[in-house]
Protein chains: 2
Amino acid sequence: MDSFDRKILGLLREDATRTYADMASHLHLSPPALHDRVKKLKAKGVIKRTTVELDPQALDRHFCAFVHVETEGYAKDILKEVAEADPAVEEMHGVAGSSSAILKVRTHDAAGLEELLRRLFETGAVRRTESFVVLRTYLERGISP
Amino acid sequence: MDSFDRKILGLLREDATRTYADMASHLHLSPPALHDRVKKLKAKGVIKRTTVELDPQALDRHFCAFVHVETEGYAKDILKEVAEADPAVEEMHGVAGSSSAILKVRTHDAAGLEELLRRLFETGAVRRTESFVVLRTYLERGISP
DNA sequence: GGTGAAAGAGTGTGGAC
DNA sequence: GTCCACACTCTTTCACC
């Protein structure tokens, strides 16, 4: 993991459809040498997978919110079940602080969030929730190498 | 945007290195027909870009937190400047609720978070912050079509 | 949307530093 | 161990039905 590898990761994050030949010329390497490095980065798990970034608006997910969940005792497993079953839930993190977990949610509208909250409370494990509705996303980029 | 397109998006999210021929056979379409659909999905902006998912651990980003920021009046632009300049900040959302903005942060360690907080307060626009340190990530998937 | 063909990319092998 | 040059196979992607 040297500066070459970091540059490769940066290029791939920007656009993974880049050809190896193109990236190789940018870094003054031969295509096979670059290919070798990418293969190793994948084998080592640094690159977990190649995927596409979708536009939430185009998929009718106009509503985004962060939901803080306070549970009755330790109930992460029950929470995870509900979160995983609902495609609206993009992330779930167990956190330290006044809340037990933070959920990142994307639904069609506010009613979709209410649906999720209902399901969360129905488990009996949730004491209270606090939802922060996203008004505008200023920045949303992945990890930068 | 029919059921074919949704299936294509699902397949590409899982693994964007799939060949068109492979996906076409899964959906009982010809490679060029599938290629046409993907091209249109990209042109329409449904597919924003093709990228790679990296492992935060492998890049020494062991520490993750959500930071709630309360500003002195409307100061999103100043906030955005600081957030954008810091590669540790992955997301910044303006939200409704008791906070003004939520930041998703990934650093090497807790000291990295403190650094960011210092920079935030140095702008003079921040009244208070509340940080929720991620103990464990239970779910982290993108949008599902 | 399907068919066939061209241009070009991905990906092994062998050899040199 | 890492990089380069060559070559072969498969994919992408075009024009036409």
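User: What makes Lys40(A) count as a polar contact of DNA strand D?

Analyst: A polar side-chain atom of Lys40(A) lies 3.1 Å from a phosphate oxygen of DNA strand D. A polar contact is a pair of N or O atoms within 3.5 Å (within protein, one must be able to donate a hydrogen and the other to accept it, and residues adjacent in sequence count only if both atoms are side-chain atoms), so this pair qualifies. One caution early on: this is a predicted model, where local features need pLDDT of at least 70, side-chain atom pairs count only at pLDDT 80 or more, and totals for chains, interfaces and linings use all residues. Residues are numbered from 1 along each chain as its sequence is written, chains are lettered from A and ligands numbered from 1 in the order written, and side-chain values use heavy atoms, with hydrogens and water left out.

User: Which other side chains reach a phosphate oxygen of DNA strand D, and how do you know?

Analyst: Two more can be named. An N or O atom in the side chain of Arg37(A) is 2.7 Å from a phosphate oxygen of that strand, and for the side chain of His35(B) the distance is 2.6 Å. α3 of chain A, together with α2 (20–27) and α3 of chain B, each give two or more residues to the surface near DNA strand D; helices (H or I, at least four residues) and strands (E, at least two) are DSSP runs, numbered from the N terminus. The most comes from α3(A), with 4 residues.

User: What makes a residue part of the surroundings of DNA strand D, and which part of the DNA faces the protein?

Analyst: A residue is near a strand if one of its heavy atoms lies within 4 Å of it. Among the residues around DNA strand D are Leu29(A), Ser30(A), Thr19(B) and Ala21(B). Of the strand's atoms within 4 Å of the protein, 79% belong to sugar or phosphate and the rest to bases. By class, this surface has 6 nonpolar, 3 polar and 3 charged residues; Ala, Val, Leu, Ile, Met, Phe, Trp, Tyr, Cys and Pro count as nonpolar, Asp, Glu, Lys and Arg as charged, and the others, Gly among them, as polar.

User: How do you know which residues touch the phosphates of DNA strand C?

Analyst: The distances tell us. Ser30(B) puts a polar side-chain atom 2.7 Å from a phosphate oxygen of DNA strand C, and the side chain of Arg37(B) has an N or O atom at 3.2 Å from one. For Tyr20(A) the atom is a backbone N or O, at 3.1 Å. The residues around this strand also include His35(A), Lys39(A) and Ala33(B). Sugar and phosphate account for 78% of the atoms of DNA strand C that come within 4 Å of the protein. α3 (31–43) of chain A and α3 (31–43) of chain B each supply at least two residues of this surface.

User: Why is Arg49(B) with Glu53(A) called a salt bridge?

Analyst: The rule asks for a side-chain nitrogen of Lys or Arg within 4 Å of a carboxyl oxygen of Asp or Glu, and this N to O distance is 2.8 Å, so the pair meets it. Between chain B and chain A the count is 4 salt bridges. The interface also has 46 residue pairs in polar contact, both residues at pLDDT 80 or more.

User: How do you know how much chain A and chain B bury between them?

Analyst: The size of an interface is often given as the accessible area lost when the parts come together. Here chain B and chain A bury about 6,000 Å², 56% of it on carbon and sulfur atoms (accessible area with a 1.4 Å probe, summed over both parts). In chain B, Glu53(B), Tyr138(B) and Ile143(B) lose the most area to chain A, together 13% of what that side buries. With contact meaning heavy atoms within 4.5 Å, 63 residues of chain B are in contact with 63 residues of chain A.

User: What makes β5(A) and β3(B) paired strands?

Analyst: Two strands pair if DSSP finds at least two bridges between them; β5(A) and β3(B) have 6, in the antiparallel sense, so they qualify. Val134(A) has Val95(B) as its bridge partner there. Strand β3 (residues 89–96) of chain A and β5(B) also pair in the antiparallel sense over 6 bridges, with Glu140(B) as the bridge partner of Glu91(A).

User: Which strand does β2(A) pair with, and in what sense?

Analyst: β2(A) pairs with β5(A) in the antiparallel sense over 7 bridges. One bridge joins Phe66(A) to Phe132(A) in β5(A).

Notes: Buried area is the accessible area (1.4 Å probe) that two parts lose on being put together, summed over both.
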